Amino acid sequence: MLHKTNPTKTKSWQKLLDHFKDMNSVHMRDFFADEQRFKKYSIRFEDILLDYSKNIITDKTKQLLIELANECNLKDSIDKMFSGEKINETENRAVLHTALRNFKHDSIIEDGNNIMPKIKDIRKKMRMFSDAVRSGEWRGYTGKKIKNIVNIGIGGSHLGPAMVTEALKFYGSNDIRVFFISNVDGTEITEILKDLDHEETLFLIASKTFTTQETMTNAYSVREWFLRQTRDEETVKKHFVAMSTNKEKVDEFGIDTENMFEFWDFVGGRYSLFSAIGLSVALYIGYDRFEEMMLGASSIDEHFKNTNFENNIPVLLALISIWYINFFGAESEVILPYDQYLHRFPAYLQQANMESNGKSVDRDGKLVDYSTAPIIWGEPGTNGQHSFYQLIHQGTKIIPADFIVGKEPLNKINEHHDILLSNFLGQTEALMKGRTIEEVKDSYPYKVFKGNQPTNSIIYDKLTPNVLGKLIALYEHKIFVQGIIWNIYSFDQWGVEYGKQLAIKIQSDIKEGKVSQDHDCSTKGLLKYLID
Ligand code: F6P
């Protein structure tokens, strides 16, 4: 069981409150009188550099935050997660997405069994299948090569693969195109299917539960579209595969269970990218590169598990973020990849973070009286500069920002990358320093920038599958650390279940064209408007 420490009742929290009184009035630019600050507050791990010097922190802040992590039994909780304890207590499950990318340890035990053999089996199956499709050995029912992959899934069964296939487009196959259908709105499915030759298309039905309404509705409609053309149930075998934990439902759908890529309850939906859910990625970039991504994530897992908190990147990212959320009152965090390939990374982190830590009941079952997950948002940095950065620079809110960029570009054109890097650095410097009325010179108050806006700079050498795996794992562990300190359960998502139940009930009203009386007057009014 995880400890149930209310963070606000710890000694370090009280000390942090006192410390905040001093820090609330300092300006970060004064810290930079110390020329050693960058050296002191940056960490290099393999091909990744984290600079966290542009934060409103001192040695004392860092020390108190680490004390907080210790008082909240963080180390013990990390060990419990990696060793397969059922730390997802509200669902009575272990949390072992880290085992999916483990190549170091022969045995990882869940419920008394070593799970590595079955993980290795699925890896092998994914490798064989993706090799067969990519080489043309696996063909459609008319003998044509597969040229289109369509992933049908939502949430964790969509955002990870969608983000990664965009992020690693540089390494993607020229012969295979990847599409994603997630929205149950008929538009996505219509627009995607209209250009596809069904004989050259492979559909991946990605659903942990295989009961998610949107995914199953889309999957059945696609199957219908496919069968309208082939008029033969047997052809489904060559064009539909499933990634799921639910064999029975996969079978019921008519997918040969031989073509089912299994995963397990110890892998949460939003943490399932490295499970069979990553099949679209393996098909697109090749299994070897998919494994390189796993190795990147795995090296961060080892770093997270084995590095003292002073130099532990996910731990520091989490603690600094807690400092702003719980003491400065920050309500959102912005993710600013300057690499266009990472344009879906903020959306991916939105689910990872907000579905994990958007909780208000603690591990004792009591309502918390402190903030938990921030609102996560973001866009590629240069585009954001011409849109919402104004508010970060001169608005009234504190918005901690993560700036992310590659040292080397994947696509080198003229001076593009130098311009990109200059903007990256220029913005973080401006956010830190600000500009005083004296510096503005003409006493024009509208040109004053308050500065003191916190940023982390994350720079990787070059965007490779391995680097992407590292970035993903860094944020996953940051989220884990925060959940532990906030004393909440990060691996369930009860909040999304209620809306789903109501939707099913309303669906039958719509079908029958009636307005049942057990709704509120707004819902009844809207329903009446929609069905009349
Ligand atoms: O929205 C809730 C949720 O359960 C997510 O956590 C999950 O990633 C998504 O739905 C999809 O679930 P499934 O993979 O079971 O279709």
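Me: Which helix gives the most to the lining of the largest pocket?

Reply: Helix 22 does, with 4 residues. Please keep in mind that this is a predicted model. Helix 22 spans 497-512, and it shares the role of supplying at least two lining residues with helix 10 (213-230) and helix 16 (345-357).

Me: What makes a residue part of that lining, and which residues are the closest to the centre of the largest pocket?

Reply: A lining residue has an atom within 4 Å of a grid point of the pocket. The largest pocket has 32 of them, and Thr209, Thr212, Gln493, Glu497 and Lys500 are the closest to its centre. Sorted by class, the lining holds 15 polar, 9 charged and 8 nonpolar residues. The space itself comes to about 860 Å³.

Me: How do you know which space the ligand takes?

Reply: The test is that more than half of the atoms of the molecule lie within 2 Å of the grid points. The ligand takes the space of the largest pocket, so it meets that test there.

Me: Why are Ser157 and Ser207 said to make polar contacts with the ligand?

Reply: The cut-off for a pair of N or O atoms is 3.5 Å. A polar atom in the side chain of Ser157 is 2.6 Å from a ligand oxygen, and for an N or O atom of the Ser207 side chain the distance to a ligand oxygen is also 2.6 Å. Both values fall within the cut-off, so both pairs count as polar contacts.

Me: What makes Gly156 a partner of the ligand too?

Reply: Here the backbone takes part: an N or O atom of the Gly156 main chain lies 2.7 Å from an oxygen atom of the ligand. That is within 3.5 Å, so this pair is a polar contact as well. As for cover, the protein hides 88% of the 390 Å² of accessible area that the ligand has on its own.

Me: Which residues come nearest to the ligand, and why do they count as near?

Reply: Ser157, Ser207, Thr209, Thr212 and Glu355 come nearest, out of 15 residues around the ligand. They count as near because each has a heavy atom within 4 Å of the ligand. By class, the shell has 9 polar, 4 charged and 2 nonpolar residues.

Me: What is the volume of the second largest pocket, and which element gives the largest share of its lining?

Reply: Its volume is about 400 Å³. The 18 lining residues include Gln340, Pro409, Asn411, His417 and Leu420, the closest to the centre. Strand 12 (401-406) and helix 19 (416-433) each give two or more residues, and helix 19 has the largest share, 5 residues. The classes are 9 nonpolar, 7 polar and 2 charged.

Me: Why is a space called a cavity and not a pocket, and how many cavities of 30 Å³ or more are there?

Reply: In a cavity a 1.4 Å probe fits but cannot get out, whereas a pocket is open. The search finds 6 cavities of 30 Å³ or more. At about 90 Å³, the largest cavity passes that size limit. Among its 15 lining residues, Glu333, Pro400, Asp402, Asn456 and Lys478 are the closest to its centre. Helix 15 gives the most to this lining, with 4 residues, and the classes are 8 nonpolar, 4 polar and 3 charged.

Note on methods: Residues numbered from 1 in each chain as written. Predicted model: local features only at pLDDT ≥ 70, side-chain atom pairs only at ≥ 80, totals over all residues. Heavy atoms only, no water. Polar contact = N/O pair within 3.5 Å; in protein donor to acceptor, adjacent residues only side chain to side chain. Areas by Shrake-Rupley, 256 points an atom, 1.4 Å probe, with all protein chains shown as cover. 1 Å grid on protein atoms, 1.4 Å probe; cavity = no way out; pocket = protein on both sides within 12 Å on 5 of 7 lines; lining within 4 Å. Nonpolar A, V, L, I, M, F, W, Y, C, P; charged D, E, K, R; others polar. Points joined across faces, edges and corners; volume = space filled by probe spheres on them.
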